[in-house]
Amino acid sequence: MTTPLEPTILKMIVRSVAGSSRDHLLDLGTGKRSAIGERMRARITAIEESLDKGTAFTLENPPVTYNCSHVYSVEYQVMGMTEMAALLREELLDSNRVLGFGRPEKPTSEQS
């Protein structure tokens with residue numbers, strides 16, 4: 001788990017019966033491990049109860065409402081902001097994307 005001063009992130013990966021998956025991130029905040037653990041357990045319990053009852057549930061980041069009959073599974077991962085930033089940096093590098101904003105230059109006749 002993370003240090004008490006570092007924000008803790010709960011990553012929820014929802015897999016559909018069709019085989020697709022979507023990641024959702026929930027900021028559990030900072031503070032004592034017990035308080036972070038309570039917030040995490042409350043979210044997981046709410047999702048599991050919805051799955052057991054077959055009722056729809058909504059997750060944020062990005063906001064999506066799921067019909068339980070289309071959900072195959074929900075996986076949970078806990079990480080800190082430092083770890084999350086490193087993962088995002090790796091994904092950007094792996095996809096050969098430029099770190100930052102703006103549009104790529106238009107190719108000139110010499111570059112094409």
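**Note on the predicted model: sheet, helices, core and salt bridges**

1. Three strands make up an open sheet, arranged in the order β2-β1-β5 with antiparallel pairing. β2 and β5 occupy the edges and have a single partner strand each, so one side of each has no neighbour in the sheet. On average, neighbouring strands of this sheet are turned by 20° against each other, direction ignored. The model under discussion is a predicted one, and the points below should be read accordingly.

2. The pairing of β1 with β5 is antiparallel and extends over nine bridges. Within this pairing, I9 stands opposite M79 in β5, and K11 has Q77 of β5 as its bridge partner. Strands of a sheet pair through backbone hydrogen bonds, in either the parallel or the antiparallel sense.

3. On the other side of the pairing scheme, β1 and β2 run antiparallel and are joined by eight bridges. I9 stands opposite D27 in β2, while the bridge partner of R15 in β2 is S21. The hairpin of β1 and β2 has four residues between the strands, and G19 there takes a positive phi near 100°.

4. How far is β1 enclosed by the rest of the structure? Eight of its nine residues are buried, so β1 is largely enclosed. S16, which is found in strand β1, illustrates the point: its relative accessible area is 19%, and because the limit for a buried residue is under 20%, S16 counts as buried. Leaving aside neighbours within four places in sequence, S16 is in contact with H70, V71 and Y72.

5. Two helices should be considered together with the sheet. β1 and β5, as noted, pair in the antiparallel sense over nine bridges. Helix α1 packs on the sheet and touches β1, β2 and β5, and its direction makes about 175° with that of β5. Helix α2 (residues 81-94) also packs on the sheet with contacts to β1, β2 and β5, but its direction makes about 115° with that of β5.

6. The largest nonpolar core comprises 15 residues, and those with the most contacts inside it are M12, F57, L59, Y66 and V74. Two or more residues of this core come from each of β1 (8-16), β2 (21-29), α1 (33-53), β3 (57-59), β4 (64-66) and β5 (71-80). For V74, contacts beyond the neighbours within four places in sequence are made with M12, I13, V14, I47, L51 and F57.

7. How many salt bridges does a search of the whole structure find? There are three. Side chains of opposite charge can pair when their charged atoms come close. The individual pairs are described in the next three points.

8. D23 and K11 meet through their side chains in a salt bridge, at 3.4 Å from N to O. D23 belongs to strand β2 and K11 to strand β1, so this pair, 12 residues apart, links distant parts of the chain. D23 is partly exposed at 36% relative accessibility, whereas K11 is buried at 13%.

9. In the salt bridge between E75 and R15, the closest N and O atoms are 3.0 Å apart. Here too the pair links distant parts of the chain, with E75 in strand β5, R15 in strand β1 and their positions 60 residues apart. E75 counts as partly exposed at 29% relative accessibility, and R15 is likewise partly exposed, with a relative accessible area of 31%. R15 is also the residue whose bridge partner in β2 is S21.

10. What joins the side chains of R43 and E60? They meet in a salt bridge, at 2.7 Å from N to O. R43 lies in helix α1 and E60 in the loop between β3 and β4, so the pair ties together parts that are 17 residues apart in sequence. At 26% relative accessibility, E60 counts as partly exposed.

Conventions: Residues numbered from 1 in each chain as written. Predicted model: local features only at pLDDT ≥ 70, side-chain atom pairs only at ≥ 80, totals over all residues. Heavy atoms only, no water. Core = buried A, V, L, I, M, F, W, Y, C linked by side-chain atoms within 4.5 Å. Buried < 20%, exposed > 50% of the residue type's maximum accessible area, 1.4 Å probe, protein only. Contact = heavy atoms within 4.5 Å. Pairing = 2+ DSSP bridges. Axes fitted to C-alpha atoms, helices over the stretch in contact; angles between N-to-C directions. Salt bridge = Lys/Arg side-chain N within 4 Å of Asp/Glu carboxyl O.
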